[in-house]
Structures are given as structure tokens and as C-alpha cells.
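Please open the structure in your viewer and keep the sequence panel visible. The tour proceeds by selections, each followed by a short description.

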Amino acid sequence: MKLFIIVNIGEMFFRAQSVSQGFAMLKKILTNFRIATLFEADFGIDKYDIIIVLLGVVIVFGIDVIHEKGISIRDKISGWALPARWTFWYAAILMIIVFGAYGAGYTVVDMIYAAY
């Protein structure tokens with residue numbers, strides 16, 4: 001948790017135009033934070049992105065519940081025939097690439113360091 005906080009504060013100063021602006025951003029987060037702001041903000045995602053995120057959360061939660069019951073998903077998959085196993089893994093990787101980077105509304109953006 002400590003590392004998470006340190007990295008996020010560091011990224012905030014990295015994105016700021018100056019050190020004083022970084023401290024102003026940090027002050028605003030610590031003194032003027034309201035939960036309602038999160039619901040009012042437009043994060044630039046559409047309903048399809050929300051569906052993908054919710055589907056991912058459900059999958060992760062389901063896998064966690066299965067692991068809590070002592071069932072190893074990797075052992076189950078490794079018991080499959082070799083062609084089925086490779087097909088499953090390649091399909092999973094392809095879905096991550098397609099829905100993670102090239103889904104609906106995909107726009108090409110420059111790398112974070114491209115402007116420097």
C-alpha cells in the first residue's frame with residue numbers, strides 16, 4: 001500500500017507542469033476531496049467499456065471464489081488435451097489484446113514520453 005501511494009504521488013508530480021503545481025494538486029486531493037466528484041466526472045468511457053470492466057471484475061471474482069474452494073484452475077486446464085489447451089490460452093490472450101487495446105472507441109495516442 002505504501003508503494004502504491006508513493007508511485008501515485010510521483011506520477012502526479014511527473015504530470016504536473018511545475019513542482020508548485022504538483023503540490024497544489026496534492027493539496028487539492030487532500031483537502032477538497034468529495035466522493036460525489038467521481039460520479040460527476042466524465043472519464044471518457046462508454047457503455048461498452050463499462051461492460052468489459054464489469055465482465056473482468058466478475059471473472060476475477062469468480063476465479064477467486066473457485067480458488068477459495070481449493071480448486072486449481074491451472075491443474076484443470078493442464079489436464080486438457082494439448083490442442084484444446086493451446087487454443088484456450090491463445091484465445092484468452094487474443095481477447096485481452098482486442099478488448100484491452102483495440103476495442104470500440106480505440107484511439108491512437110502518443111507514448112507518455114513522446115512529447116519530450
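The stops below begin with the whole chain and then turn to individual residues.

**Whole chain.** Please note at the outset that this is a predicted model. Select the entire chain and display it as a cartoon. The secondary structure consists of six helices and zero strands, and along the sequence the pattern reads α-α-α-α-α-α. Next, switch to a surface display. The chain exposes about 10,600 Å², of which carbon and sulfur atoms supply 70%. Of the 116 residues in the chain, 4% are buried.

**Helix H1 and Ile9.** Select residues 2–15, which form helix H1, and find Ile9 there. Is Ile9 buried, partly exposed or exposed? Ile9 counts as partly exposed because its relative accessibility is 31%, a value that lies between the 20% and 50% cut-offs. Now add Met25 to the selection and show both C-alpha atoms. Ile9 and Met25 stand 16 residues apart along the chain, and their C-alpha atoms are separated by 9.7 Å.

**The nonpolar patch.** Select Ile52, Leu94, Met95, Val98 and Phe99, and show their surface; together they make a nonpolar surface patch of about 450 Å². Which helix gives the most to the nonpolar patch? That helix is H6, residues 82–101, which contributes four residues.

**Leu94.** As the final stop, select Leu94, which is found in helix H6 and is one of the residues of the nonpolar patch. Leu94 has a relative accessible area of 52%, and therefore it is classed as exposed, the cut-off being over 50%.

Terms used. Residues numbered from 1 in each chain as written. Predicted model: local features only at pLDDT ≥ 70, side-chain atom pairs only at ≥ 80, totals over all residues. Heavy atoms only, no water. Helix = DSSP H or I, 4+ residues; strand = E, 2+ residues; numbered from the N terminus. Buried < 20%, exposed > 50% of the residue type's maximum accessible area, 1.4 Å probe, protein only. Areas by Shrake-Rupley, 256 points an atom, 1.4 Å probe, with all protein chains shown as cover. Patch = residues over 30% accessible without salt bridge, like charges linked within 9 Å, V, L, I, M, F, W, Y side chains within 5 Å. Salt bridge = Lys/Arg side-chain N within 4 Å of Asp/Glu carboxyl O.
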